[in-house]
Amino acid sequence: MNDAPTTAVALAASKARLASYLHPAEWALIAEDIAAIHDLKRDRRALVLAHNYQTPDIFHGVADVVGDSLALARAAERFSVDVLVVAGVHFMAETAKLLNPDRRVLTPDQEAGCSLAASIGPDDVVALKARYPGLPVVAYVNTSAAVKALADYCCTSANAARVVEAAARDFGSEAVIMLPDRFLAANTARETRIKIIPWAGACEVHERFGPAELTELRERFPGITLLAHPECPEPVVAAADFAGSTAAMAAFLDKHHPSRVALITECGMSDNLAAAHPETEFIRTCNLCPHMKRITLGKIRRALETLSPEVKLDPALITAASRPLQRMLAIG
Ligand code: SF4
């Protein structure tokens with residue numbers, strides 16, 4: 001990153017972006033870590049990729065790229081860097097490694113997991129395939145590399161229906177196995193005639209929302225627009241005005257500029273989008289992801305200082321797990 005700004009310029013930009021979030025006393029507490037991270041990024045030729053659910057000090061303070069997990073992994077291709085620091089959970093760091101196998105990928109906290117990725121292992125996929133022989137397996141990106149390696153296609157919450165239909169067409173089948181999120185499977189089933197055989201996993205953040213919350217929001221905040229993530233239970237998605245991935249929610253706000261909105265998803269989304277949308281009142285009804293919140297400025301700094309913990313995957317696993325990802329990317 002030879003064209004990276006000096007630390008002083010980068011620090012001033014971080015401070016400006018965080019101005020609406022932090023009291024000056026709070027800025028003083030994090031400025032040293034942010035300056036050190038900007039320094040280290042130059043020295044290490046590193047990029048910080050931050051998921052939409054990260055806290056504003058990371059999202060606006062040190063991230064070079066922000067977005068959903070796949071956008072982060074793909075964005076890295078545009079930069080000439082040696083090191084990727086993934087400010088997100090472990091499967092996201094693995095996905096970044098799968099799409100950038102020649103780069104060093106750092107995960108600031110190896111314990112940052114995900115209830116969806118943890119809900120299914122390779123043995124479960126083998127058993128599913130034995131039970132439903134001949135059916136294609138579509139794995140949500142929120143899975144481990146070992147699970148992806150046994151899948152035929154990956155999907156995101158943005159392209160799930162498209163991938164399901166392509167998988168059924170390619171395999172000449174009228175059904176697909178879709179894992180691991182039962183709610184994403186149910187919400188995708190509303191958009192396609194292909195029969196979907198789900199796994200029983202759920203996101204511990206989104207499964208806690210219920211339709212009664214949305215009804216209450218409409219009663220308390222007239223004119224509110226409700227955007228729900230497709231990992232929410234089906235009745236929640238049905239009660240929302242729009243359902244989409246985190247990237248789709250951000251695009252919705254850019255396009256429609258609603259006067260008042262509630263994002264039915266993890267808390268970081270509203271926090272991070274509020275500054276870019278002063279025209280919109282954000283009603284904060286959200287659930288925290290404890291795994292995402294394990295990532296801190298201090299851990300990002302340490303990862304860059306020590307170049308660890310590093311994601312290391314066996315080359316054969318990279319080859320096998322990249323295949324369903326590449327198939328998905330070809331579908332779009
Ligand atoms: S929000 Fe849900 S899907 Fe995302 S990392 Fe947390 S537990 Fe996993």
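User: With Ala, Val, Leu, Ile, Met, Phe, Trp, Tyr, Cys and Pro counted as nonpolar, Asp, Glu, Lys and Arg as charged, and the others, Gly among them, as polar, how many residues of each class are in the lining of the second largest pocket?

Analyst: That lining has seven nonpolar, four polar and three charged residues. The model is predicted, so local features need pLDDT of at least 70 and side-chain atom pairs pLDDT 80 or more, whereas totals for chains, interfaces and linings use all residues. Residues are numbered from 1 along each chain as its sequence is written, and side-chain values use heavy atoms, without hydrogens or water.

User: What volume does the second largest pocket have, and which residues are closest to its centre?

Analyst: The second largest pocket has a volume of about 220 Å³, and of its 14 lining residues the closest to the centre are Ser157, Asn187, Glu191, Pro230 and Ala243. A pocket is an open set of points on a 1 Å grid over the protein atoms alone, with protein on both sides within 12 Å along at least five of seven lines; a cavity is a set where a 1.4 Å probe fits but cannot get out, and lining residues have an atom within 4 Å of a point. Points are joined across faces, edges and corners, and a volume is the space filled by probe spheres set on them.

User: Which elements give two or more residues to that lining, and why does the pocket lie between two domains?

Analyst: Helix H9 (160-171) and helix H10 (182-189) are the elements that do so, where helices (H or I, at least four residues) and strands (E, at least two) are DSSP runs numbered from the N terminus. The second largest pocket lies between domain 2 (115-202) and domain 3 (206-282) because both give residues to its lining; the domain bounds come from an automatic or database assignment.

User: Switching to cavities, how many are there of 30 Å³ or more?

Analyst: The count comes to one cavity of 30 Å³ or more. The largest cavity has a volume of about 320 Å³, and 29 residues line it, with His51, Tyr53, Met92, Asn142 and Glu231 closest to its centre. Helix H4 (69-75), helix H5 (90-99) and helix H6 (115-118) each give two or more residues to this lining, which by class has 13 nonpolar, twelve polar and four charged residues.

User: And what is around the ligand?

Analyst: Among the residues with a heavy atom within 4 Å of it are Tyr53, Cys114, Asn142, Cys203, Glu231 and His291. The shell around the ligand has eight nonpolar, three polar and one charged residues, and because domain 1 (7-112 + 292-306) and domain 2 (115-202) both contribute to that shell, the ligand lies between them.

User: How many salt bridges are there?

Analyst: There are 14 salt bridges, each a side-chain nitrogen of Lys or Arg within 4 Å of a carboxyl oxygen of Asp or Glu. In one of them, Glu207 pairs with Arg182, the closest N and O atoms being 3.9 Å apart. Glu207 lies in the loop between strand S8 (195-198) and helix H11 (211-220) and Arg182 in helix H10, so the pair ties together parts that are 25 residues apart in sequence.

User: Where is the peptide bond that is cis, with omega near 0 degrees?

Analyst: That cis bond runs from Leu179 to Pro180, and Pro180 is found in the loop between strand S7 (175-179) and H10. The bond from Ser308 to Pro309 is also cis, with omega near -10 degrees, and Pro309 lies in the loop between helix H15 (297-306) and helix H16 (315-331).

Key. Ala, Val, Leu, Ile, Met, Phe, Trp, Tyr, Cys and Pro count as nonpolar, Asp, Glu, Lys and Arg as charged, and the others, Gly among them, as polar.
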